[in-house]
Amino acid sequence: MLAWSRARRDARALRARAPAADPAGTPPPRASTGRGAASTGGGRADIRPFRLADAGPAGPSAAAQRPPWRQILLGGAIMVALGGWWWIVNVVRWGAFQPETPGFPLGQYLGDDWGAYREILINGTILRWWGSFGWFEVNLTTVPVRTGTALVIFFFALALIRARNWRIRVDLLLLLWVTWGLFGLMAVQSAKNFDKQFHVSGISGRYLYAGLVSLAIGIGLGAAATGRYLSRVMPLLFLAGAVTLQVWSISMVFPHFWRPEDGDLGDAWDDMTAWSPWSEGTLVLIAVAVCALAVATLVGCLWVLVIGERDARPSRPGRGVVLTDSRTQGLREAARNRAARLHRDTLASGQPRPDGPEGAQPTSLPAPGGPPAPSTEADEAAKTDETAKTDEANEADGARHPQPR
């Protein structure tokens, strides 16, 4: 709906700005459908380059300005088919989206203390979002939880601050609606149970995991906004933080649930494999795959740190740019077409052809203040080659310093 409203506003603004920007009604340069040239009238093709910014905005399409009912209905049907059917079945069978489970143990009793409930709702959700295991028996300590939460807020805020315009900021804020929406649903359901029983229940950080990808996009944009050199270190720092939290969690989970008294981690592994529905070989294969993925991720982070930015750096002056044969041939063909067009314009202006009946005149320097001497075929070929070289240089310079749209 936001994209639709933006398209309508852009179309209105473009229509209101068009008469003032171009009172003569001259259409902007536009690319034709044949050979990438633009028509200049008279049947000739104008192959002179121009910047897209000079052509003016084309404006949103007519389809973008129509209400997106088809997208809304199709997206809603897909969401209901993939994830909403469970809640519909609950309403049909039990009369509630999240019915109570018979014999399910109630949570902590707080009495009629809504202040204590709000503290558990906020702090408990954050703690359990980062890591609470079992029946919340093993929890990460407050140091990594508060540090990680502060980093998430910092990088997302940095992405908002460093965004180029308000549209991007609104898009970033929309990325948070999944997390905030799920938190609101969880809070409403939990508050209803607390108001009826004064027990805390239904609060868990895993309910918000559907918003992890959206948060990762904002955090990644914030990390990339830290600067050209610091942003290249960020992937390695994030990987180090992730490995640290994983090792920290395993070091707490294994002793609590699996390691016997006076035992070691090997005994804990034996107890876990004895309980697991998977065979020990499958568990070893999973562990090896996780380690291999971690190593591959480390290689990728080091590549970004050392080599990854090399191709994106602008070339130093004097460094040659190697073009493919097809690219070079296309540039030379465009230069020949341009030279031929200039030659036709010269003939149309009434000047004699060098190879006409009067005979070719020798090349000579023009007299001071006089007209230039006509060129011969050799001169024309030299100009063609020179134009091709100039086009190649301009094309290479445009590749190094592209113009924004």
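The exchange below goes through the terms applied to this predicted model and the values behind them.

Colleague: What limits apply to a predicted model such as this one?

Modeller: Local features need pLDDT of at least 70 and side-chain atom pairs count only at pLDDT 80 or more, while totals for chains, interfaces and linings use all residues. Residues are numbered from 1 along each chain as its sequence is written, and side-chain values use heavy atoms, with hydrogens and water left out.

Colleague: How many helices and strands does the protein have?

Modeller: There are 14 helices and four strands. Both are DSSP runs numbered from the N terminus: helices are H or I with at least four residues, strands are E with at least two.

Colleague: Why is the contact between R6 and D171 called a salt bridge?

Modeller: A salt bridge needs a side-chain nitrogen of Lys or Arg within 4 Å of a carboxyl oxygen of Asp or Glu. The N to O distance for R6 and D171 is 3.1 Å, so the pair qualifies. R6 is in helix α1 (residues 2–21) and D171 in helix α7 (residues 166–175), 165 residues apart.

Colleague: Are R6 and D171 buried or exposed?

Modeller: Buried means under 20% relative accessible area, exposed over 50%, and partly exposed in between (1.4 Å probe, protein chains only). R6 has 13%, so R6 is buried. D171 has 33% and is therefore partly exposed.

Colleague: How many salt bridges does a search of the whole structure find?

Modeller: It finds two. In the D10 and R167 salt bridge, the closest N and O atoms are 2.6 Å apart. D10 lies in helix α1 and R167 in helix α7, so this pair ties together parts 157 residues apart in sequence. D10, at 30% relative accessibility, counts as partly exposed, and R167 also counts as partly exposed, at 34%. In general, side chains of opposite charge can pair when their charged atoms come close.

Colleague: What makes a set of residues a nonpolar core?

Modeller: The members are buried Ala, Val, Leu, Ile, Met, Phe, Trp, Tyr and Cys residues joined through side-chain atoms within 4.5 Å. The largest nonpolar core has 17 residues, of which Y117, L121, F156 and V200 touch the most other members. Helices α5 (114–131), α6 (142–162) and α8 (177–197) each supply at least two residues of this core, and α8 gives the most, with four.

Colleague: Which residues is V200 in contact with, leaving aside its neighbours within four places in sequence?

Modeller: Contact means heavy atoms within 4.5 Å. By that test V200 is in contact with G107, Q108, L110, Y117, I120 and F194.

Colleague: What makes W85 eligible for a nonpolar surface patch?

Modeller: Patch residues need over 30% relative accessible area and no salt bridge; nonpolar side chains (Val, Leu, Ile, Met, Phe, Trp, Tyr) are joined within 5 Å, like charges within 9 Å. W85 has 46% relative accessibility, so W85 passes the area limit. W85 lies in helix α4 (residues 69–94). Together with W86, W87, V91 and F97, W85 makes a patch of about 570 Å², with areas from the Shrake-Rupley method, a 1.4 Å probe and, for residues, only the protein chains shown as cover.

Colleague: Why is D262 called exposed?

Modeller: D262 has a relative accessible area of 83%, and the exposed class begins over 50%, so the label follows. D262 lies in the loop between α10 (230–257) and α11 (265–275). D262 has a positive phi of about 60 degrees although it is not a glycine.
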